[in-house]
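User: I am new to this structure and would be grateful for a guided introduction. Could the discussion proceed by questions and answers?

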Amino acid sequence: MWQAEVRVDLDAIRDNVVALRSRTSAEVLVAVKADGYGHGMVPAGRAALAGGATWLGVATLDEALTLRRAGIEAPVLAWLLSPGLPLHTGVEAGIDLSAATPELIDELVAAARQAGRVARVHLKLDTGLARGGSPRAEWPALLESAAKAQAGGDVEVVGVWSHFACADEPGHESVDRQLAAFHEGLELAERFGITPRYRHIANSAATLSRPDAHFDMVRVGIAAYGLSPIAGETFGLRPAMTARARVTLAKRVPAGQGVSYGLTYTTSRETTLAVVPLGYGDGVPRHASNAAPIRIGGTVAPIAGRVCMDQVVVDVGDEPVTAGDVATLFGPGDGGEPTADDWAAATGTINYEIVTRFGSSRVPKVYDGEVRP
């Protein structure tokens, strides 16, 4: 008998990737960083590849090596690399690595020589997000360094890439501005003799809304897990994660009863309180206090009072709830249960954070579908 679980429908991930592939002629990279947005990096990666993705993407070198140790041989791109990492291990494993500075190119040259293998590199240009990537003023120096390393046989520039800031806001003027900057960056790369096989800038939102930004590869993250990056649009995607637990205790209390730490919730009538064994130690945002909805039986009601480390309380009124009944925090919404989008709206965050929080917790994951974990 289970007490709390995160269920992941791997067939939904596969089918979402199939649907995303139908929207583009470019290759599809599925991001499986942060343990597959909480869905499980290795099972999600396998489901994505079953759906036709040809690449997987991660943030860190350790994540990339985890995929290799799991036997996944598909191309993998890792893009968040601090100085001094053992990059030779990534080169040895055939992992593509991102670079945004001449100094990192130098480290990749050293790594390639230590590994006895050419380092596969994607040069990142900052087109306006002002996060990772080479500033445009420093782009020529990065290209010069990469071209020299490539001519020396230590590095192969496989890709040139960037990332949108506001593609999830269709019509935002920054998208066109960044796209123009990316074109300029590609033109300059050609002048340095760099003609990458993969040019990529489109994230989930741009994959769904800007076909002119697809180039040779698109990088999809949240959309692969069935959640839309664009508010008000579902694009026919199916959420893959359901978070639920069994009620540990249900009890009648009188009107005027304060509930949970701080007594920030008070019952307005005689009612039933149900204790659900999931809290902020399991991924429930503390901002969900008195806000996020949970379905128990035929009732959907917000959490009553503050979220605790291991549990929350729900005021279910006169619903005949007993210990052992299933409380669904969120799922696809098919049975009237709340969705991750509902939770995001209730807590003032985004659906990305909701699923990543739950999936990266102590709650066991259970996998459904024909695709095997």
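The following exchange considers the chain as a whole, its pockets, its salt bridges and its backbone.

User: What kind of model is this, and how many helices and strands does the chain have?

Analyst: The model is a predicted one. Along its principal axes, the C-alpha trace spans about 80 × 40 × 40 Å. The secondary structure of the chain amounts to 11 helices and 19 strands.

User: What percentage of the residues in the chain are buried?

Analyst: A residue counts as buried when its relative accessible area is under 20%. The chain has 373 residues, and the buried share of them is 53%.

User: What is the volume of the largest pocket, and which residues lie nearest its centre?

Analyst: The space in the largest pocket comes to about 1100 Å³. Its lining consists of 49 residues. Those nearest the centre of the largest pocket are K33, Y37, L129, R131 and H163.

User: From which domains does the lining of the largest pocket draw at least three residues each?

Analyst: Elements giving two or more residues to the lining of the largest pocket include β2 (27-31), α2 (33-37), α10 (340-347) and α11 (351-359). By class, this lining holds 26 nonpolar, 14 polar and 9 charged residues. The domains that each supply at least three residues to the lining are domain 1 (10-224) and domain 2 (241-368).

User: Which elements give two or more residues to the lining of the second largest pocket?

Analyst: The second largest pocket has a volume of about 160 Å³. Among its lining residues are K251, V253, L273, V275 and C308. Two or more lining residues come from each of β11 (249-253), β12 (258-259), β14 (271-276) and β17 (312-317).

User: How many nonpolar, polar and charged residues line the second largest pocket?

Analyst: The lining of the second largest pocket also includes Q257, G258, V259 and S260, together with Q311, V312 and V313. Sorted by class, the lining has 7 nonpolar, 4 polar and 1 charged residues.

User: How many salt bridges are counted?

Analyst: The criterion is a side-chain nitrogen of Lys or Arg within 4 Å of a carboxyl oxygen of Asp or Glu. By this rule, the count is 21 salt bridges.

User: How far apart in sequence are the parts tied together by R197 and E27?

Analyst: R197 and E27 form a salt bridge, with their closest N and O atoms 3.2 Å apart. R197 lies in the loop between α8 (173-191) and β8 (198-200), whereas E27 belongs to strand β2, so the pair ties together parts separated in sequence by 170 residues.

User: Is R197 buried or partly exposed?

Analyst: The relative accessibility of R197 is 47%. Buried requires under 20% and exposed over 50%, with partly exposed in between. R197 therefore counts as partly exposed.

User: In the salt bridge between R113 and D154, is D154 buried or exposed?

Analyst: The closest N and O atoms of R113 and D154 are 3.0 Å apart. R113 is in helix α6 and D154 in the loop between α7 (139-151) and β7 (155-161), 41 residues apart. R113 has a relative accessible area of 60% and is exposed. With 12% relative accessibility, D154 is buried.

User: Which residue forms a salt bridge with D176?

Analyst: D176 lies in helix α8 and its partner in the loop between α9 and β9, so the pair ties together parts 34 residues apart in sequence. D176 is partly exposed at 46% relative accessible area, while the partner is buried at 18%. The N to O distance is 2.7 Å, and the partner is R210.

User: Which residues are joined into one network by salt bridges that share partners?

Analyst: Some salt bridges have a partner in common, and through them one network is formed. Its members are E5, R7, R244 and D368.

User: Which side chain makes a polar contact with that of T299?

Analyst: T299 is located in strand β16 (residues 299-302). With 18% relative accessibility, T299 is buried. Its side chain is joined by a polar contact of 3.0 Å to that of E319.

User: What is the phi of A34, and what is that of D35?

Analyst: Most residues other than glycine have a negative phi. A34 is in helix α2, as is D35; A34 is partly exposed at 34%, and D35 is partly exposed at 29%. Neither A34 nor D35 is a glycine, yet phi is positive: about 50° for A34 and about 55° for D35.

Methods: Residues numbered from 1 in each chain as written. Predicted model: local features only at pLDDT ≥ 70, side-chain atom pairs only at ≥ 80, totals over all residues. Heavy atoms only, no water. 1 Å grid on protein atoms, 1.4 Å probe; cavity = no way out; pocket = protein on both sides within 12 Å on 5 of 7 lines; lining within 4 Å. Points joined across faces, edges and corners; volume = space filled by probe spheres on them. Helix = DSSP H or I, 4+ residues; strand = E, 2+ residues; numbered from the N terminus. Nonpolar A, V, L, I, M, F, W, Y, C, P; charged D, E, K, R; others polar. Domains from an automatic or database assignment. Buried < 20%, exposed > 50% of the residue type's maximum accessible area, 1.4 Å probe, protein only. Polar contact = N/O pair within 3.5 Å; in protein donor to acceptor, adjacent residues only side chain to side chain.
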